[in-house]
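Hi,

I am passing a structure on to you, and I hope you enjoy looking through it. Please have it open while you read my notes.

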Amino acid sequence: MRTQVGIVGAGPAGLMLSHLLALQGIESVVIEARSRQYCEDRVRAGVLEQGTVDLLNETGVGERMQLQGLLHHGIELGFDRRRHRIDMTKLTGRAVTVYGQHEVVRDLIAARLKAGGQLFFEAENASVYALDSERPMVRYEVGGVAQQLECDFIAGCDGFHGICRPSAPEGVFQVYERVYPFGWLGILAEAAPSQEELVYMNHERGFALFSMRSPTVTRLYLQCDPAEDLKEWPDERVWQELQTRLTCDDGWRPNEGRILQKSVTPMRSFVTEPMQYGRLFLAGDSAHIVPPTGAKGMNLAISDVRVLAEGLAGFYKAGRSDLLARYSDVCLRRIWKVQRFSWWMTSMLHQFPDASPFDQRRQRAELDYVTSSAAAAKSLAENYVGLPMEHLL
Ligand code: FAD
Ligand code: DHB
């Protein structure tokens, strides 16, 4: 089989890239290891920056999001059992939309299939070859039968554990990494959110986050050990810990309900430089990971592929290779700023096991400052709603 762009991975990055390319008349094939149902049901991120929302709307895949997405004009930061509102719209004129990542994935899969796009699910043992040639290749198996895909370019959209990044020769990619001494235990609960906006809570027993997915489903997270065993977290213990950390002096607390899903996510900051080797381009989690505080992972994946699609359109439509050559540098400028923000939010809100009394007081001062200074709140809001998207042109 032959195509212009071979895409490994049907997460938000791979699907959005395929969609953007199709709108420019560029052919692609998406190879995904998991089943369609697995990809469509995988519970992950939930907050879309305004730039992501605008892109989904402008490219015709925002219909369900407009109906079901929840527009949020502010967030709350909590400490000392009190919540402090950051009014993002007043500070920046922009807002975010709460809409699950798996819903975005569903919308993109539906749009690609409707347009006759080629998506291969349950494609096993994928590998990539001849990356420094003009005919790179993807090999994989479907139902035990070997397949070969010849391409002009390969987009490695296969997430942090994918095969594309490790396929470049040793030493091509420089990695910058920080692993945090904690993770997040996340639950999805059949319970009406007890208020309309998210609450990021700093608590002496550890961070907690109150979020939601719909008027009937609450999403909640607890700072935990990165190797936490879920068997030690029966539902009653999860609720007890959430109530302890989130309940405020004014009586506000999350509503409880049946727990639909429970998982533990370790946390790291990770950047690969550059994001290109020959005709392999990395995008999304395959190139970088942010800790989830601030909800940037999926948004970054979308902003990468927007730039990559511009570069590929420049190549096919105007015969320009210079735009693709700048892909990595242009993306990394935004990625590092988002890394900084995610690290900062994480540092401000979590308990660090090695924190000294000095560190603890400095963290408290940071929370006090950001919730009492309009200038500091504006900086948080500007980053939270999303820094401007980068462009190649
Ligand atoms: P992914 O969504 O990881 O997609 C990669 C795709 O490639 C997957 O479908 C995978 O199956 C496929 N793949 C992998 N290897 C192969 C292979 N060899 N062959 C073929 N296909 C392959 N962000 C937030 O902002 N908030 C959150 O609450 C949040 N929670 C998260 C929870 C978890 C468990 C994880 C892992 C991430 C979470 N994130 C969160 C981050 C966010 O979901 C990611 O940043 C986002 O999914 C990145 O999209 P992507 O398309 O780059 O990668
Ligand atoms: C959600 C996840 C985040 O990482 C975050 O900062 C806010 C909300 C969520 O899954 O709803």
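Below are some notes on the two ligands, a pocket and two points along the backbone.

Before you start: this is a predicted model, in which local features need pLDDT of at least 70 and side-chain atom pairs count only at pLDDT 80 or more, while totals for chains, interfaces and linings use all residues. Residues are numbered from 1 along each chain as its sequence is written, chains are lettered from A and ligands numbered from 1 in the order in which they are written, and side-chain values use heavy atoms, with hydrogens and water left out.

Let's begin with ligand 1. It is surrounded by 29 residues (a residue counts as near if one of its heavy atoms lies within 4 Å), and the closest are Glu-32, Arg-42, Arg-44, Gln-101 and Asp-285. Two of these side chains also make polar contacts, meaning pairs of N or O atoms within 3.5 Å: a polar atom of the Arg-42 side chain is 2.7 Å from an oxygen atom of ligand 1, and a side-chain N or O atom of Asp-285 is 2.7 Å from an oxygen atom of the ligand. Ala-13 takes part through its backbone, with an N or O atom 2.9 Å from a ligand oxygen. On its own, ligand 1 exposes 990 Å², and the protein buries 84% of that (areas come from the Shrake-Rupley method with a 1.4 Å probe).

Helix H1 (12–23) and helix H8 (297–318) are the elements giving two or more residues to this shell, and H8 has the largest share with three. Helices here are DSSP runs of H or I with at least four residues, and strands are E runs of at least two, numbered from the N terminus. By type, the shell holds 14 nonpolar, eight polar and seven charged residues; Ala, Val, Leu, Ile, Met, Phe, Trp, Tyr, Cys and Pro count as nonpolar, Asp, Glu, Lys and Arg as charged, and the others, Gly among them, as polar.

Now for ligand 2. Which residues are closest to it? They are Tyr-200, Ser-211, Arg-213, Tyr-221 and Pro-292, out of 14 that surround the ligand. Polar side-chain atoms of Ser-211 and of Tyr-221 each lie 2.6 Å from an oxygen atom of ligand 2, while Pro-292 places a backbone N or O atom 2.6 Å from a ligand oxygen. The protein covers 98% of the 290 Å² of accessible area that ligand 2 has on its own.

Strand S15 (208–214) and strand S16 (217–224) each supply at least two residues of the shell around ligand 2, with S15 giving the largest share, three residues. Why does ligand 2 lie between two domains? Domain 1 (5–46 + 100–173 + 274–351) and domain 2 (177–267) both give residues to its shell, so ligand 2 lies between them; the bounds come from an automatic or database domain assignment.

Finally, the backbone. A cis peptide bond joins Glu-273 and Pro-274, with omega about -10°, and Pro-274 sits in the loop between strand S17 (258–273) and strand S18 (276–277). Glu-122 is not a glycine, yet its phi is positive, near 50°. You can find Glu-122 in the loop between strand S8 (118–120) and strand S9 (123–129). In the second largest pocket, H11 gives most lining residues, five (a pocket is an open set of points on a 1 Å grid over the protein atoms alone where a 1.4 Å probe fits, with protein on both sides within 12 Å along at least five of seven lines; lining residues have an atom within 4 Å of a point).

Note on methods. A polar contact is a pair of N or O atoms within 3.5 Å; within protein, one must be able to donate a hydrogen and the other to accept it, and residues adjacent in sequence count only if both atoms are side-chain atoms.
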